[in-house]
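The report below takes the strands, helices and cysteines of this structure in turn. Please keep the coordinates open beside the text while reading.

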Amino acid sequence: LKQAPRAWYDRLTVFLTQVGFQRGGVDKTLFIGENGQDILIIQVYVDDIIFGGTSQSMVDEFVKTMTSEFEMSMVGELSYFLGLQVKQLDDGITVSQSTYAKNLIKRFGMQTSKTANTPMSTTTKLSRDEDGKPVDEKLYRAMIGSLLYLTASRPDLCLSVGICARYQANPKESHMNAVKRVIKYVKGTLDFGLHYTFETNVNLAGFCDADWAGCLDDRHSTSGGCFFLGNNLVAWHSKKQNCVSLSTAEAEYIALGSCCTQLLWMRQMLVDYGIISDPMLVHCDNMSAINLSKNPVQHSRTKHVDIRHHFVRELVEMKIVILEHVSTERQLADLFTKPLDYNTFLGLRKALGIVNL
């Protein structure tokens with residue numbers, strides 16, 4: 001029934017609020033229970049419920065309450081769903097998908113292939129390649145889907161997999177070679193993952209960048225961003241913009257807007273967890289985009305920019321967002337917008353917290 005999920009959400013919401021849980025202000029499928037300094041967080045997706053807390057007694061009580069009201073089956077930890085391997089160390093925790101990556105290599109028969117230093121070549125750009133040799137669409141899509149699943153703990157794959165995913169409708173041999181290179185890179189970095197440190201703070205910061213007219217097919221730019229809570233990378237994105245930018249400044253300005261929307265959402269989500277963040281810091285390597293955000297004067301070169309991108313000015317005026325210029329060498333979002341040479345790629349990968357575990 002089409003209305004079944006809505007009816008289930010209503011039924012579950014009424015029950016959870018009756019037993020003392022509060023509904024999230026931004027995400028209405030998030031429920032939070034508090035007992036002194038302890039907290040229990042519940043995330044609902046249709047009939048799947050993921051929960052965790054700082055107190056084992058609260059977790060046990062929640063399981064007892066739910067099983068007494070509903071017919072439920074317990075699957076296990078969150079790592080079961082994502083194939084994640086989470087380890088706690090003295091200085092923090094590590095998150096990886098090394099077992100899943102090994103199975104991916106085996107699934108596509110690339111155990112004996114050579115490894116690659118980077119996921120994408122800096123000299124070859126992908127396009128539709130209309131005259132290229134067609135390849136098996138089913139196999140190509142299977143490779144893309146498997147790699148997309150791996151990006152849950154491997155931000156360094158985000159750009160390369162995203163670009164290859166654009167050509168799933170009619171893949172050619174050049175696209176297949178690009179995907180195989182990504183898998184070869186995964187083969188050489190099987191034990192890599194994210195490292196999160198305990199010594200950090202609750203301040204939000206983001207890095208944004210754009211590769212102007214990077215797509216050869218429609219000349220759209222690619223926006224990239226990575227977002228930190230304190231010293232730890234918690235979110236990232238690499239996405240082709242849905243309009244053509246007439247200048248580098250416009251492309252960077254649009255990427256800046258995407259970065260601010262993500263940070264605003266994260267800030268509002270943190271309020272549900274009882275965490276109040278200071279004004280958010282955004283690092284951008286384009287002074288024209290920064291000046292455009294700070295200068296409310298209309299200019300002939302920017303009068304065509306869509307009004308929806310100009311909300312960045314309001315955030316800057318209200319001091320919700322602080323813009324800061326960063327040199328290109330320290331622009332971490334470069335990893336999400338364009339293929340890089342080995343040394344640059346290696347430095348940015350390490351700076352993001354992607355290390356050999």
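## The five-stranded sheet

Leu204 has Leu229 as its bridge partner in β9, and in this predicted model that pair belongs to the antiparallel pairing of strand β8, residues 204-211, with strand β9, residues 222-229, which extends over 8 bridges. The two strands are part of an open sheet of 5 strands, arranged in the order β10-β9-β8-β11-β12 and with mixed pairing. At its edges stand β10 (232-240) and β12 (321-325), each of which pairs on one side only. From one strand to the next the twist averages 20°.

Helix α8, which spans residues 248-272, packs on this sheet and touches β8, β9, β10, β11 (280-284) and β12. The direction of α8 makes about 155° with that of β8.

## The four-stranded sheet

A further open sheet consists of 4 strands in the order β5-β6-β7-β13, and here the pairing is antiparallel. Because β5 (85-88) and β13 (354-356) each have a single partner strand, one side of each is left without a neighbour in the sheet. Neighbouring strands are turned by 35° against each other on average, with direction ignored.

Within this sheet, β5 and β6 run antiparallel and are joined by 4 bridges, with Ser96 in β6 serving as the bridge partner of Gln85; the two strands form a hairpin that has 3 residues between them. On the next step across the sheet, strand β6 (residues 92-96) is joined by 5 bridges to strand β7 (residues 192-197), again in the antiparallel sense, and Ile93 finds its bridge partner in Tyr196 of β7.

## Two successive hairpins

Strand β2, residues 30-35, pairs with strand β3, residues 38-45, in the antiparallel sense over 6 bridges, and the bridge partner of Gly33 in β3 is Leu40. The hairpin formed by β2 and β3 has 2 residues between the strands, and Gly36 takes a positive phi near 70° in this hairpin.

β3 is also joined to strand β4 (residues 48-53), with 6 bridges between the two antiparallel strands, and Ile41 stands opposite Gly52 of β4. The hairpin of β3 and β4 likewise has 2 residues between its strands. What residue takes a positive phi near 55° in the hairpin of β3 and β4? That residue is Val46.

## Helix α2 and its two sides

Helix α2, residues 56-69, has 14 residues and reaches 20 Å from its first C-alpha to its last, which is close to the 20 Å expected at 1.5 Å a residue. Its buried residues are Met58, Val59, Phe62, Thr65 and Met66. These residues cover an arc of only 130° around the axis, and therefore lie on the same side of α2.

The partners of that buried side are α1 (4-18) together with β2, β3 and β4, against which the buried residues of α2 pack. On the other side of α2, by contrast, Gln56, Ser57, Lys64 and Ser68 are exposed.

## Helix α4

In helix α4, which covers residues 98-107, the buried residues are Ser98, Ala101, Leu104 and Ile105. Seen down the helix axis, the buried residues of α4 fall within an arc of 115°, so they line one face of the helix. They pack against β5 and β6, and also against α5 (137-150) and α7 (173-188).

Lys106 and Arg107 are exposed on the other side of α4. The helix is followed by Gly109, whose phi is positive, near 65°.

## Cysteines without a bond

With a disulfide taken as a pair of cysteine sulfur atoms within 2.5 Å, the count comes to 0 disulfides. Cys208 is in no disulfide, and the nearest cysteine sulfur, that of Cys284, is 4.3 Å away. Is Cys208 buried or exposed? At 0% relative accessibility, Cys208 counts as buried.

For Cys260, the closest cysteine sulfur is that of Cys259, and the sulfur of Cys260 is 5.6 Å from it, too far for a bond. Cys260 is buried, having a relative accessible area of 0%.

Terms used
Residues are numbered from 1 along each chain as its sequence is written. This is a predicted model: local features need pLDDT of at least 70, side-chain atom pairs count only at pLDDT 80 or more; totals for chains, interfaces and linings use all residues. Side-chain values use heavy atoms; hydrogens and water are left out. Two strands pair if DSSP finds at least two bridges between them. Axes are lines fitted to C-alpha atoms, for helices over the stretch in contact, and angles run from 0 to 180 degrees between N-to-C directions. The expected span of a helix is 1.5 Å times one less than its number of residues. Buried means under 20% relative accessible area, exposed over 50%, partly exposed in between (1.4 Å probe, protein chains only). The arc is that of the directions from the helix axis to the C-beta atoms. Contact means heavy atoms within 4.5 Å.
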